[in-house]
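This report concerns one residue's surroundings and the sheet against which its helix is placed.

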Amino acid sequence: MARIVFTPQLRRFVESPDFATTRGDLRAALEDAFAAHPRLRGYVLDEQGDLRANVVVFIDGRRCLDRHRLDDALAPASQVHVLQALSGG
């Protein structure tokens with residue numbers, strides 16, 4: 001099963017344990033995670049269903065290609081990391 005790992009910073013605000021999924025694409029896998037933990041959706045996606053500006057997703061070490069469609073393919077053993085993008089000055 002593919003595994004979704006959420007950034008530890010999210011755990012300060014909302015329950016976001018690692019999540020196993022058999023789904024074949026990123027959006028479907030995230031929807032399953034949101035069904036299990038509904039409050040998580042608002043921290044990851046904006047009102048249009050796109051990744052929030054401060055969130056980045058890596059699948060097997062590669063950055064998610066489309067922040068709107070979220071249709072990147074997942075392999076059965078994929079590792080998906082949902083992280084908060086950092087900025088600073």
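Beyond its neighbours within four places in sequence, Arg27 is in contact with Leu45, Gly49, His68, Arg69 and Leu70 in this predicted model. With respect to Gly49, a polar atom of the Arg27 side chain lies 3.0 Å from the backbone oxygen. As for His68, 41 residues separate it from Arg27 along the chain, and the C-alpha atoms of the two are 9.4 Å apart. Arg27 has a relative accessibility of 23% and therefore counts as partly exposed, since that class lies between under 20% for buried and over 50% for exposed.

Arg27 belongs to helix H2. The sheet beside this helix is open and consists of five strands in the order S2-S1-S5-S3-S4, with mixed pairing. The edge positions are taken by S2 and S4; each has a single partner strand, so one side of each lacks a neighbour in the sheet. Helix H2, residues 26-36, packs on the sheet and touches S1, S2, S3 and S5. The direction of H2 makes about 130° with that of S2.

The strands and their residue ranges are listed below.

| Strand | Residues |
|---|---|
| S1 | 2-6 |
| S2 | 19-21 |
| S3 | 55-59 |
| S4 | 62-63 |
| S5 | 79-84 |

Strands S3 and S4 pair in the antiparallel sense, over two bridges. Ile59 has Arg62, in S4, as its bridge partner.

Technical notes: Residues are numbered from 1 along each chain as its sequence is written. This is a predicted model: local features need pLDDT of at least 70, side-chain atom pairs count only at pLDDT 80 or more; totals for chains, interfaces and linings use all residues. Side-chain values use heavy atoms; hydrogens and water are left out. Two strands pair if DSSP finds at least two bridges between them. Helices (H or I, at least four residues) and strands (E, at least two) are DSSP runs, numbered from the N terminus. Contact means heavy atoms within 4.5 Å. Axes are lines fitted to C-alpha atoms, for helices over the stretch in contact, and angles run from 0 to 180 degrees between N-to-C directions. Buried means under 20% relative accessible area, exposed over 50%, partly exposed in between (1.4 Å probe, protein chains only). A polar contact is a pair of N or O atoms within 3.5 Å; within protein, one must be able to donate a hydrogen and the other to accept it, and residues adjacent in sequence count only if both atoms are side-chain atoms.
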